[in-house]
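Trainee: I am new to this one. Could you walk me through how to read it?
Mentor: Gladly. Take a look, then ask.

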Amino acid sequence: MDDVHPGTAHPGVEAAEQAAAMLAAAGMARMPARVMMALVGSPDEGYTAAELADRLGVSAAAVSGAVRYLISMRLIQRLSRPGDRRDRYDLVDDAWAGMIASNAPLYAALATQMDRIADENGDAPVSVARARDVADFLRYLTERMPQLADEWRAQRG
């Protein structure tokens, strides 16, 4: 393995690292983002934790924490094979659409809080209008995100 660029024997390493950096910039923790993007480019049978550590050039402990987090978020899954003592990991089918659609309750809750802010800030009409506008947009996302995911699934066949 090349010590300067860990995991270069694996396909898509540079693009996966750039995508992980984008997810991290958007708020996802760095190591789960790196593990998730590595799994996007995994072999069809997925990766073991040791293979993920090798690909990413990190410790098994770092992979373990990231895997645990991603499993709890239902973005990746643990795959067991008869006769193989090592678990493998891969993306959950439809993980991306599911992740996007699953944020709908968060958007609804945020809209409620934006309304509360507006209700409590009657002396500042510009602030009230801004909070109401954000609340309306979040309600729109609450409604549309699951629909968009369903539309995407339907057009795939």
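Trainee: How much area does the protein chain expose, and what share of it do carbon and sulfur atoms supply?
Mentor: This is a predicted model, where local features need pLDDT of at least 70, side-chain atom pairs count only at pLDDT 80 or more, and totals for chains, interfaces and linings use all residues. Residues are numbered from 1 along each chain as its sequence is written, and side-chain values use heavy atoms, leaving out hydrogens and water. Accessible areas come from the Shrake-Rupley method with a 1.4 Å probe. Here the protein chain exposes about 9,700 Å². Carbon and sulfur atoms supply 56% of that.

Trainee: Which helices and strands should I look for, and in what pattern?
Mentor: Helices (H or I, at least four residues) and strands (E, at least two) are DSSP runs, numbered from the N terminus. This protein chain has seven helices and three strands. Along the sequence they read α-α-β-α-α-β-β-α-α-α.

Trainee: What is the order of the strands in the sheet?
Mentor: Two strands pair if DSSP finds at least two bridges between them. The open sheet runs β1-β3-β2, with antiparallel pairing. β1 (47-48) and β2 (76-81) stand at the edges with a single partner strand each, so one side of each has no neighbour in the sheet.

Trainee: How many bridges join β1 to β3?
Mentor: Two, and β3 covers residues 84-91. Tyr47 has Tyr89 of β3 as its bridge partner.

Trainee: What box do the C-alpha atoms fill?
Mentor: Roughly 65 × 40 × 25 Å, along the principal axes.
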